[in-house]
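Let's take a friendly tour of the empty spaces in a protein model and of a few residues at its surface and in its interior. Have the picture at hand as you read.

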Amino acid sequence: MNINGPSITTATGIIWRRELVRFTRQPGRIIAAIGTSVLIWVLLGSGFANSLEPKIAADESISFSAWLLPGMMTLIAMFSSIFSSLSTIEDRQTGWLQAVLVSPAPRLSIALGRALGGGSVAFIQAGILLAAIPLIGLSTGFIGVLLALFSLAMASLAMSAIGLAFAWRCQSASSFHSVMNLVFMPMWLLSGSVFPINGSSTWLSIVAWCNPLTWCTTAMRTSLTSTPEWDMIGLSVLVSIGALAIATAVISRR
Amino acid sequence: MSTETRHNSTIDPAGTTPAIQARSICKEYKSSDGTRLALDHVDLTIPRGEWVAMLGPNGSGKSTLLGIASGQVTPTRGDFNVMGQDLAGLERQLIGVVFQATALDPRLTITENLVDLGRLQGISNDGIRTRVNEALENSGLIDRAHDRVSTLSGGLARRADLARAMLHDPALLLLDEPTTGLDPNARQHYMEHLSRIHSTGRTTIVMSTHLVQEAEKAGRVIMLDAGRCIADDSPSDLCEQIGRRILKVYQDDFDPPEGEGWRRLDEAWTLPVAGHSDPVVEDLLEQGVELALMKPTLSDVFNRLGGSELSMTAAIR
């Protein structure tokens, strides 16, 4: 028998895979996350179509529904990340997490495994929406789809890592939900997911452009609808790395 | 598994260092009301191969002591060594921990849980399947190997959890009230399984409990009360320390004489006596008091030494 503990890659892989297996065994979670977002997409798309369609069409030559797509992908990834983070609290209550914490698995692998697991689940759920591209009049090329998926992966990873960091410090699911509503919902609303940032008031534009979720959403949108903005894609990578660093720091603290 | 591959053999070939050695351990918890002392200068030496039960009521410091031994809790003061290693450098492969709640994912099967958690303990990919099958055979769970944990009864889930903790063949097994929530039958099966593990002589067992029946199974009992160690000996020696018999009076209107050391326990007045010929017994019989003479139990010992009650009703709960 091996006297050494598992390597970081082995331990990360085990924890990552477990998140995916758990995901496949909770069909209700998949349906809820996608269903909610599609519903919001349809309602927002219909509700704001008359007021925002002309501006969007003039600025970007696409329909409002097409413009909304990246924002809805961000929303699904956000919901999914919150669900995944909630399982951290559940794992602590059931004891699984305690068993991992007394094992020789490196703390870094716990942060990486859980963030990658939650991020993967969020990515899969949100990425499914890309199947709607032909239905909403977009003619995105292969590279554009790939770049959008890459930006989505970065956003999913970042939100999953931040959710994990908060969940690690929260003692109950209810307090975690409150914190998430306070942190993630304003971030999403100010990410250019629901209304265009250009044209809003100056202070709102400044806040929105300081919002990491705006960078990820913009990277997705430009990849899907026009010319990819490489600076936004680069910033998305930095956001996910920063979020992972925060999660690792929180989990490593005893 | 051969003894050559055991973890402790590579760290301390002679096996001379104790499994646990604690010197003047204190643990303080800060709360809004101030500071609470969970452990108050506890000294402890547990040689390898022993089965030790830590007995005490809720809040006596049992879980804190186990938390320190498993590296989850940092002591405020004192020195604590596990298998000759200090806590900062503790090789976690040496220990297996059973918590009060089952540490298995209810959505996964027993095998999936054991494979994942065994791999996280450092068991190689090549050896994990064999090791899991062995563990399931030993636990009598091989027929349920591919059942989800959520479908198991409480007793089977706890046995699967014990298999999880023993998967990497730890030199030290720590159990924190492992039979919590089990019915008496399942509890008995669990303790029998623990006895089999101990009989191999390969694993030191340290178990916390508030049930005297469980503590009596161990070779040594450490009694904790309010963070202090109040007694430490074999169950039989502890019982002998307080007298040959315990006199119990269940009469509601009984008014015990002051100064003789009467204590209230489990709705009875109790007093250690030498036996039937003890003058106190003869005197009470002459008065027509209904009484019973019993062998002292660990519950009586705790009641005498700690002052508080380690109730037999807890054992039934």
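The lining of the largest pocket in this predicted model is made up of 22 nonpolar, 15 polar and eleven charged residues. That lining has 48 residues, and the ones nearest the centre of the pocket are A:Gln98, A:Leu101, B:Gly71, B:Gln72 and B:Val73. Chain A contributes two or more residues from each of α4 (96-101), α5 and α6, while chain B does so from β1 (20-31), β2 (34-46), α2 (62-69), β6 (95-98) and β7 (172-176). Which element gives the most to this lining? That is α2(B), with six residues. The space in the largest pocket comes to about 1300 Å³.

Now for the enclosed spaces. Rolling a probe the size of a water molecule over the atoms shows where empty space is left. Counting cavities of 30 Å³ or more gives five, and the largest cavity holds about 50 Å³. Its lining consists of A:Glu19, A:Ser84, A:Ser85, A:Ser87, A:Thr88, A:Arg114, A:Ala115, A:Gly118, A:Ser160 and A:Leu164. In chain A, α3 (64-94), α5 (107-127) and α6 (142-169) each give two or more residues to the lining of the largest cavity. The largest share, four residues, is from α3(A). By type, the lining of this cavity has two nonpolar, six polar and two charged residues.

Here are the two spaces side by side:

| Space | Volume | Element giving the most to the lining |
|---|---|---|
| Largest pocket | about 1300 Å³ | α2(B), six residues |
| Largest cavity | about 50 Å³ | α3(A), four residues |

Next, look at the outside of chain A. A:Phe142, A:Ile143 and A:Leu146 make a nonpolar surface patch of about 340 Å². A:Ile143, one of these residues, sits in helix α6 of chain A. Is A:Ile143 buried or exposed? A:Ile143 counts as exposed because its relative accessibility is 55%, and the cut-off for exposed is over 50%.

A:Pro196 makes a good contrast to end on. This proline lies in the loop between α7 (173-189) and α8 (202-209) of chain A. Why does A:Pro196 count as buried? Its relative accessibility is 13%, and buried means under 20%, so A:Pro196 falls in the buried class. Try finding A:Leu52 as well: A:Pro196 and A:Leu52 are 144 residues apart in sequence, yet their C-alpha atoms are 8.7 Å apart in space.

Note on methods:
Residues are numbered from 1 along each chain as its sequence is written. Chains are lettered from A and ligands numbered from 1 in the order in which they are written. This is a predicted model: local features need pLDDT of at least 70, side-chain atom pairs count only at pLDDT 80 or more; totals for chains, interfaces and linings use all residues. Side-chain values use heavy atoms; hydrogens and water are left out. On a 1 Å grid over the protein atoms alone, a cavity is a set of points where a 1.4 Å probe fits but cannot get out, and a pocket is an open set with protein on both sides within 12 Å along at least five of seven lines; lining residues have an atom within 4 Å of a point. Grid points are joined across faces, edges and corners, and a volume is the space filled by probe spheres set on the points. Ala, Val, Leu, Ile, Met, Phe, Trp, Tyr, Cys and Pro count as nonpolar, Asp, Glu, Lys and Arg as charged, and the others, Gly among them, as polar. Patches are made of residues with over 30% relative accessible area and no salt bridge: like charges are joined within 9 Å, nonpolar side chains (Val, Leu, Ile, Met, Phe, Trp, Tyr) within 5 Å. Accessible areas come from the Shrake-Rupley method with a 1.4 Å probe; for residues, only the protein chains shown count as cover. A salt bridge is a side-chain nitrogen of Lys or Arg within 4 Å of a carboxyl oxygen of Asp or Glu. Buried means under 20% relative accessible area, exposed over 50%, partly exposed in between (1.4 Å probe, protein chains only).
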